[in-house]
Amino acid sequence: NTIKVTKGIVSAIRGMGDDSGQFQIDAAVQPGNSGGPIYDGNGNIVGVVVSQLNKLKVAKVKPADPQHQYLVKKGIEPHGIRLDGNDLIVPVYDGDSLSSIQRITEDGEKRFMKGGKASGGCYQIDGDAKNGVYVCEGFATGATISEATGGIVHVAFNCHNLKAITGVAKGIYSKVTVCGDDDAWTDGNPGKTKATRASKEH
């Protein structure tokens, strides 16, 4: 008999709901894997698989209402995001895997799911690559770019993630435009600095 091993890393040291008794991994978990052992690099069992992020639950929340207060304030369309109660839900995808969600309240407060993995993940707003491919920070910025250009937009969620998402986009498209926030009143202007670096290093 052969043993199939799937490699991955620990992506979060706490589980869903900030559960300190669990941790999260980015290795693919298939139906029927529950109860399977998790080994470290030395072959020691460090845990067992108990569940995977519930994509179905995220998928079942209803489509966002274009008249949601935040969308109206920003003057943008939903672009496929969802609504849970009064909160907008923006999925965070790492490749084809749902790794986290970002909630946006009516007042614009943003927070990621506890225990999720946002680093290296993005939300793509579909468009025509002939009209450009763009990487930006926030969803509202991405929606604005999409509606102005008709191009493909990768929402990286924050300036620290711009480099990683720009690398992913440039692995697919020959030309990518990085659209950084101008944080003129913040020391070091991180939005502009990180965007410039992401553009130059890829």
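This report describes a four-stranded sheet, two helices and some single residues of a predicted model.

Residues are numbered from 1 along each chain as its sequence is written. In this predicted model, local features need pLDDT of at least 70, side-chain atom pairs count only at pLDDT 80 or more, and totals for chains, interfaces and linings use all residues, while side-chain values use heavy atoms, with hydrogens and water left out.

**Sheet**

Helices (H or I, at least four residues) and strands (E, at least two) are DSSP runs, numbered from the N terminus. An open sheet is formed by 4 strands in the order β10-β12-β11-β13, with mixed pairing; two strands pair if DSSP finds at least two bridges between them. β10 and β13 stand at the edges with a single partner strand each, so one side of each is left without a neighbour in the sheet. On average, neighbouring strands of this sheet are turned by 25° against each other, direction ignored. The pairing of β10 and β12 is antiparallel, over 3 bridges, and Q124 has H154 in β12 as its bridge partner.

**Helices**

Helix α4 (residues 162-170) packs on the sheet and touches β11, β12 and β13, where contact means heavy atoms within 4.5 Å. The direction of α4 makes about 165° with that of β11; axes are lines fitted to C-alpha atoms, for helices over the stretch in contact, and angles run from 0 to 180 degrees between N-to-C directions.

Helix α3 (residues 139-149) has the buried residues F139, A140, G142, A143, I145 and S146. Buried means under 20% relative accessible area, exposed over 50%, and partly exposed in between (1.4 Å probe, protein chains only). Among the elements that cover the buried residues of α3 are α2 (69-74), β7 (87-94) and β12 (152-155). Just after α3, G150 takes a positive phi of about 80°.

**Single residues**

A129 is found in the loop between β10 (123-125) and β11 (133-136). Not counting residues up to four places away in sequence, A129 touches I152 and Y173. I25 lies in strand β2 (residues 24-25). Two C-alpha pairs involving these residues are listed below.

| Pair | Separation in sequence | C-alpha distance |
|---|---|---|
| A129 and I152 | 23 residues | 5.8 Å |
| I25 and V10 | 15 residues | 4.4 Å |

A129 is partly exposed because its relative accessible area is 35%; I25, at 29%, is also partly exposed.

**Cysteines**

The structure holds 0 disulfides, a disulfide being a pair of cysteine sulfur atoms within 2.5 Å. For C122 the nearest cysteine sulfur is that of C136, 9.9 Å away. For C179 the nearest cysteine sulfur, that of C136, is 6.5 Å away. C122 counts as buried because its relative accessibility is 14%.
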